[in-house]
Amino acid sequence: MTGTGISEFVKKNKLTAIMAALFFIGMAYGALVVGFGDDKMLHSLSFMTKGYMNSRAEQSMAVTFFNSLWSSGCFVLALFLLGFSSVSIPAIVILPFFKGLGLGTSLGYLYITYALKGIAFSAAIILPAAIFSTFAIILASREAFKLSLLFLATFVPRLPGGLSPRVIKLYCAKFLVLSGIMLIAAVVDSTVTFLFSGFLVLS
């Protein structure tokens, strides 16, 4: 995609671009926090990360699947519910940032601590599922923001838009599709963990 094409896409999908930007800002902030963190913080991250990753290498695919679905699915479920509130917009925009913060912290720690092995671990185990789950969370944030704004418009007449049963049904249908993407992310996560984590156990 050319620079002009990217510019046109952003103009046509401003809300999606904003949610994606919030995610990447959170990711960058998480990596910077790790990069400039003190030894105490790195030690704490080391304890949590090694324990978590090494336990994943020992658990079954089914357990990894359900754990992955629960950890990322909570974001989508929370966004789904927040969309039905007229005052939840601040919480909605925080969630993609928070998701990015967690991923950035993990990737930053792995790179600083394990260098090339950390990059390989991230590329093989973390990023494949993260691509799917991040995509779903960004779209879920967009849809929740739009519905929350419609609820707000019922109390602030100057705001455009209006609620209807069709809008709610479409919202639920979109989140059903996003739930399917989260299932794919969990399948990918459990599969790559089963295939590669035994060779990349952190020590």
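Start by selecting Lys146 and Glu143: their side chains form a salt bridge with an N to O distance of 3.7 Å (a side-chain nitrogen of Lys or Arg within 4 Å of a carboxyl oxygen of Asp or Glu). Both residues sit in helix α6, three residues apart, about one turn of the helix; helices here are DSSP runs of H or I, at least four residues, numbered from the N terminus.

A quick note on the model: it is predicted, with local features needing pLDDT of at least 70 and side-chain atom pairs counting only at pLDDT 80 or more, while totals for chains, interfaces and linings use all residues. Residues are numbered from 1 along each chain as its sequence is written, and side-chain values use heavy atoms, leaving out hydrogens and water.

Next, keep Glu143 selected and add Lys174, whose side chain meets Glu143 in a salt bridge at 3.2 Å, N to O. This pair links distant parts of the chain, with Lys174 in helix α7 and Glu143 in helix α6, 31 residues apart.

Now add Arg142, which forms a salt bridge with Glu143 at 2.7 Å, N to O. You then have Arg142, Glu143, Lys146 and Lys174 on screen, linked in a network of salt bridges.

Try colouring by accessibility (buried is under 20% relative accessible area, exposed over 50%, partly exposed in between, with a 1.4 Å probe and protein chains only). Glu143 is buried at 6%, whereas Lys146 is partly exposed at 37% and Lys174 is partly exposed at 30%.

Technical notes:
Helices (H or I, at least four residues) and strands (E, at least two) are DSSP runs, numbered from the N terminus.
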